[in-house]
Amino acid sequence: MAKVPYSFKEIESKWQHFWEEERSFHATEKSTHPKFYCLVMFPYPSGRIHMGHVRNYAIGDVVARYKRMKGFNVLHPMGWDAFGLPAENAAIQHGVHPSEWTYDNIAFMKNQLKKMGLSYDWSREIATCDPSYYGLEQRLFLKMYEKGLVYKRRSFVNWCSDCETVLANEQVVDGRCWRCESEVTQKDLEQWFFKITAYAEELLQDLEKLKEGWPERVLTMQRNWIGKSMGAEIHFPVVGRSSEFLKIFTTRVDTLYGVTFMSVAPEHPQILEWVKGTSQESSVRVFVEKVLKESQRDRTDLTREKEGVFTGVYCVHPLTQENIPVYVANFVLMEYGTGAVMAVPAHDQRDFEFAKKYNIPVKVVIQPEGEILDSKTMTQAYVEDGLQAHCGSFDGLKNQEAILKISEFLEEKKIGQRVVHYKLRDWGISRQRYWGTPIPVLHCHTCGTVPVPEGDLPVLLPKDVKFTGMGASPLADHESFVRARCPKCGGPARRETDTMDTFVESSWYFARYTCPQCDEPLDVSKVKYWLPVDQYIGGIEHAVLHLLYSRFFSKVLRDLGFLKVDEPFSRLLTQGMVIKDGAKMSKSKGNVVDPDMLIDRYGADTARLFSLFAAPPEKDLDWNDEGVEGSFRFLKRVWTKVNEFLEKKSGENSNVSLDSMEGMTDLEKKLYRKTHSTLKKVSQDIEDAYHFNTAISAIMELVNEIYHFDVEEKPSSRGMAILSEALKMVVILLSPFCPHISEELWEMLGESDSVGQVSWPHWNEKVLQEDSIEIVIQINGKVRSRLQIAPTLSSSELEKKILEDEKIQKFLSGARVKKFIHVPKKLVNVIV
């Protein structure tokens, strides 16, 4: 029989066609099996997949295929996060409409994904730029508007001048745009907001429900972003304005008596009104304009020099009745607290530096026990605990005790109250772009803001738009889009030209996968069946952005009656990056490996195997060309061994029972045990922590054992049966990782069913019990002998056998044994 070559191209094409024809991965709610929803974060259709995609999707595919074989009814969908700025840039640079560019990319990338042999149910495919999707999103917007969860107001927003659009706080990373890395500045615009703060406490508390399934790192990042603080809100009356006050929030009410100035954010809505017509107006305006051109990163840089300008305005200290000067400061941000800070230079380093620069008094109100601080000689702020001083009736109290006492006093006098504050701010969703979901709102001169009636949805993006490259959205210049009729009064109205943040689409897509053909946003019965997602997989970069928004949306959808769950994702795996030449793969760094070239040269199974074997899923993967070659060689070894087995196979072993090891040779027992121990190892590695790399390593060890068995012993009928079982086990265990070659080998081994439909086998625990085990014997840490013993031998019996061993007796030669140190089933160290 001639050797059959490993023709991976033909094999992979054959089985991809088979899966598609058989609808092998089609999911249905009409199943008696328990459900399992496996989801990998859907991609932006940028044009080509990269190795990061290959790794990410291979991880998800292993989980989906394994769960199917374990008897679960698996939903494993794929779609496209299709709105976004790159499509508009392509329109500007190449004259291609964003829609055409996007759908061309989707077609190309879909073909790439199919070549990887991923077990997706393509019947559930969605593209968020399709009106059938974003029209339903507009309906959700209107329902949220009715519930008071959507509003519009003027505010200073994060502005990226390169992208010419607004960014949410979560989209500003170290003061730069998350997309293009340009410096972010502040701009005063009218914006639409989702009221995510209405769910701040629930978003925080429900993180406890995710402790078993989410990485602690992600939970910590979300807790910090929500940023719950317990403190007090205090009103400082403004001198000369009887009904106005400056509201501040502080967690350090124990330092209230030490306030010597107030610092407010340049964006504070009252400050320019207060200085209007005063001698300070000009200098304040100049300073405000200068700071607002700076990036948030610069303004929050702790090492940066603190700057400010006196406003000429004073507040009255609510307890001491002193006049407190108000400064505009470059380090105060409107989005934190109330945009105004009571400054206590003696007990806050930032305030201390500012006070020293502008010759503002420093007042010590917390003294360390046993010491007396002098404000004139202090070189830095005192920020530790201590005793209250110069605090009226609160003198002598420990400052932590004073926090409660002073808070109660403020409430009693009605000049302040204890409150909870959150760092989280409402989600600004307005974007000045074309390629996004149109906000379904009209602006009528008579009726004001009017929602588009549901019957008029979807509000479609016009296709006949001109992309000038000047930054502003072409929707604003599209007269037939902008001009509309008010549904209330029938008069002329102007259509909203902002589109929604693209993170809105990705905040509910996981639920839409359960019912992609439904005319309503969601089919309640299908959503109830599939959600929550049992395993979600994606990058750590989405820990705050996408994951927080999705959690918020799920709670909103629950309250709107669409969902029955509080949290969308039960388990979360954040996979590491693919690194080459010491850096993350990227076109700009010139270190990208093209998956198409890899698949063409080695096949999809090799690409999958290497990406899963080279590192645990949660760790970064260092690209290694030799590792790819090694993965390819391993698959060829498996292919060769199965073919060799088939050459020498006869019908003799068909009725050989392997229920017992009785009568087996030592080599037969060894391979039989290795088969079952490998099954146990691979099952536990996949099930417990997705340790795919160690699972693959165990399969490789079994293949080595098979080669050793075949070389050492000419198999009998029973030996051939043991070898057959071992080879079939390799194919089954390999199938979630390398499905194409596994399907082909399974068929070659005479099996009629698809290997992906085979039930995951159970190992025989009795088989794993060794007849004997080898124990290494050391004397004072040096190996002196080895013993074969029964696994059930007690420690005392083992010690007796050690002392009876001739080699050990020779080395002991009368020395006194102090003790025995046992490493169970491995070694014993005799201390003399």
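Reader: What makes the largest cavity a cavity, and what is its volume?

Author: In this predicted model, the largest cavity has a volume of about 130 Å³. The term cavity is used because a 1.4 Å probe fits at its points but cannot get out.

Reader: Which residues are closest to the centre of the largest cavity?

Author: Leu85, Arg179, Arg431, Arg433 and Thr502 are the closest to its centre, out of 18 residues that line the largest cavity. At least two lining residues come from each of α3 (85–94), β4 (165–167) and β23 (499–500). The largest share, 3 residues, is supplied by β4.

Reader: How do you know how the lining of the largest cavity divides into nonpolar, polar and charged residues?

Author: Each lining residue is put in a class by its type; Leu counts as nonpolar and Arg as charged, whereas Thr falls among the others, which count as polar. For the largest cavity this gives 7 nonpolar, 6 polar and 5 charged residues.

Reader: How many cavities of 30 Å³ or more are there?

Author: The count is 4 cavities of 30 Å³ or more. The second largest cavity holds about 80 Å³ of space. Among the residues that line the second largest cavity are Trp19, Phe25, Arg65, Arg68, Met69, Pro736 and Glu743. Helix α2 gives the largest share of that lining, 3 residues. By class, the lining of the second largest cavity has 4 nonpolar, 5 polar and 3 charged residues.

Reader: Why is α2 called roughly perpendicular to α18?

Author: The axes of α2 (residues 51–69) and α18 (residues 604–613) cross at roughly 90° and come within 9 Å. Angles of 65 to 115 degrees count as roughly perpendicular, and therefore α2 is roughly perpendicular to α18.

Reader: Which residues make the contact of α2 with α18?

Author: On the α2 side they are Val54, Arg55, Ala58, Ile59, Asp61, Val62 and Arg65, and on the α18 side Ala607, Arg608, Ser611 and Leu612. This contact has 6 nonpolar, 1 polar and 4 charged residues. Arg65 also appears in the lining of the second largest cavity.

Reader: Why are β27 and β28 said to stand at the edges of their sheet?

Author: The open sheet has 3 strands in the order β27-β26-β28, with mixed pairing. Both β27 (583–584) and β28 (621–622) have a single partner strand, so one side of each is left without a neighbour in the sheet.

Reader: What makes β26 and β27 a pair?

Author: Two strands pair if there are at least two bridges between them. Strand β26 (residues 578–580) is joined to β27 by 2 bridges, and the two run antiparallel; therefore they count as a pair. Lys580 stands opposite Ala583 in β27.

Key. Residues are numbered from 1 along each chain as its sequence is written. This is a predicted model: local features need pLDDT of at least 70, side-chain atom pairs count only at pLDDT 80 or more; totals for chains, interfaces and linings use all residues. Side-chain values use heavy atoms; hydrogens and water are left out. Axes are lines fitted to C-alpha atoms, for helices over the stretch in contact, and angles run from 0 to 180 degrees between N-to-C directions. Helices (H or I, at least four residues) and strands (E, at least two) are DSSP runs, numbered from the N terminus. Angles under 35 degrees count as roughly parallel, over 145 as roughly antiparallel, 65 to 115 as roughly perpendicular and the rest as oblique. Contact means heavy atoms within 4.5 Å. On a 1 Å grid over the protein atoms alone, a cavity is a set of points where a 1.4 Å probe fits but cannot get out, and a pocket is an open set with protein on both sides within 12 Å along at least five of seven lines; lining residues have an atom within 4 Å of a point. Grid points are joined across faces, edges and corners, and a volume is the space filled by probe spheres set on the points.
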